[in-house]
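Student: I should like to take a close look at the pockets of this protein. Could you please guide me through them, and then through a patch on the surface?

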Amino acid sequence: MSTPVPTLPTTLPDVEVTASRRDGVPLVVLSRGAADGPPVFGPGGDGLSEAWIDSVRLTGSAGETQPGPVDSGVRWVVGLGDGEARQWRSAGTALVKAAENTLDSDTPAPARGLQVELPEDAGDADIAEFVRGALLGGYRFKVTAEEPKPRVRAIRLIVPGDRKAGVDAAVAKAVTLAAATSFARDLANSPSNVKDPAWLAKTGAKAAGKVKGLGAEIRDEKWLAKHGFGGVLAVGGGSDRPPRLLELTWAPEGVKGPHVVLVGKGITFDTGGISIKPAEGMHLMKTDMSGGAAVIAAMIAIGRLGLPVRVTGLVPMAENHVSGSAYRPGDIVRHYGGKTTEVTNTDAEGRMVLADAIAYAADTLGPDVILDVATLTGAMKVSLGTRIAGLFADDDAVAERLIEAGARVGEAFWRMPLLEEYADTVASEVADVRQCPPGPGGVTAALFLREFTAGVPWAHLDIAGPARAEKPYDDVVPGATGFAARTLVEFVSAYS
Ligand code: BES
Ligand code: MN
Ligand code: ZN
């Protein structure tokens, strides 16, 4: 392996919907927790004896995973609890984790798969949750000298023949959304010795190039200079690795309707620049392009799903570094379109690159709505923690759509106010706007960005909290979470 980055994207298990069992593939039986007494089994569980159920103390609670009795033909019994959506998801996660613990390099190929007999009352949405849990809960990103441990390579979902078409559609969407989250995680987990702006742009464009009809254009530092992207150039100026702008275009033929523009912060590493960050925690700033990763991954999913909506994805990419050519506090920077910013803290670099991209979108793309996604402020992480993102919008309908889209795909957003009381603090004595106005950090950052939207309906997602996880929860594993990729897809899909 030449670079300390695994082959991207991470391979997820194949998911197949089928009507019949296959020999040699480990069989999984799902069970519900009964309020009192033994659990209730789905198909395939009839051979499990009461004595065995008692001996392993099976309860059927969600995520309970038990190897089936030897010679029973059942490899795993997995609990669904009451069968709520999140319990289906945790069953998927628990199953894959348990199965992978038992695999080694000697396990033959068919035995690296799983087949699950689904109970009759399993809804399409339940099955989709199970798939998401299985695909994302088993995600890992690790680069070692040794061959990586074998993964579950395929999951066969067994349903009656007359249900196959419906379940197929639900599973295909769940797989595409999970793949988006997973690819966003891959990009954000990649270390910044490999991940510079050129690498990120190339990797994003290459993945997009595999989707028919999805256009990808990489703009280099010369193009950025020619077009006046002063914010991107200022931030990227301190690094030996020059900035980029990735532009992804999805314009399905014959589709007129609204044009959605997605803008993602693509800081490939954030040292803070001259206003340098403390050493503690700085390594986490390799994920400071999580917003950009969400946009790239969402664009790929939008193309794969063939959504009949016009969408452009813009990811301004730069490394915020320290050197003799780094930008300084006190500098005045001219953005795309001419507006100037008085720099007061070089660590507020995200808004500098987003301002250019938002102004460029409003000026050249004729957008009906602009949505930006960024790990923008530590203040938002302090306000809301790590399980929910801040949402700012100058349009109530867009805000509603986002919150609803997020809820449908399991990502939570909390609407924050664009407080007019602070609006004039964005003004500067020496430039059009001041980069870091005093006051509540998440709010004033959003107010700064609003200056560049030219009145286009706009929303800003500050994902500084949920973009990273310290501990596993739900279908999230420690590291980058891929947060917001699914919401962007679902948000766009609501315009179709
Ligand atoms: N990338 C950081 C924000 C961040 C902090 C993301 C913690 C994830 C976890 C951003 O560029 C930043 O440094 N923001 C500053 C802004 C300040 C200088 C006005 C911050 O939040 O401290
Ligand atoms: Mn910063
Ligand atoms: Zn940053």
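Tutor: Please keep in mind that this model is predicted. Let us begin with the largest pocket, whose volume is about 850 Å³. Its lining consists of 27 residues, and those closest to the pocket centre are R140, K142, P148, K149 and R151. Sorted by character, the lining of the largest pocket holds eleven nonpolar, six polar and ten charged residues.

We may now turn to the second largest pocket, which has a volume of about 720 Å³. Here 34 residues form the lining, and M285, T377, G378, K381 and A464 lie nearest the centre of this pocket. Which elements of secondary structure each supply at least two residues of this lining? They are the helices α9 (349-364) and α10 (378-384), together with the strand β20 (468-469). By character, the lining of the second largest pocket divides into twelve nonpolar, nine polar and 13 charged residues.

Finally, let us consider the surface. I274, I276 and V322 make a nonpolar surface patch of about 240 Å². Of these residues, V322 may serve as an example: its place is in the loop that runs between β12 (310-320) and β13 (332-334). Is V322 buried, partly exposed or exposed? Its relative accessible area is 35%, and therefore V322 is partly exposed, because this term covers values between the limit of under 20% for buried and that of over 50% for exposed. A patch residue must have over 30% relative accessible area, and the 35% of V322 fits that condition.

Key. Residues numbered from 1 in each chain as written. Chains lettered and ligands numbered in written order. Predicted model: local features only at pLDDT ≥ 70, side-chain atom pairs only at ≥ 80, totals over all residues. Heavy atoms only, no water. 1 Å grid on protein atoms, 1.4 Å probe; cavity = no way out; pocket = protein on both sides within 12 Å on 5 of 7 lines; lining within 4 Å. Points joined across faces, edges and corners; volume = space filled by probe spheres on them. Nonpolar A, V, L, I, M, F, W, Y, C, P; charged D, E, K, R; others polar. Helix = DSSP H or I, 4+ residues; strand = E, 2+ residues; numbered from the N terminus. Patch = residues over 30% accessible without salt bridge, like charges linked within 9 Å, V, L, I, M, F, W, Y side chains within 5 Å. Areas by Shrake-Rupley, 256 points an atom, 1.4 Å probe, with all protein chains shown as cover. Salt bridge = Lys/Arg side-chain N within 4 Å of Asp/Glu carboxyl O. Buried < 20%, exposed > 50% of the residue type's maximum accessible area, 1.4 Å probe, protein only.
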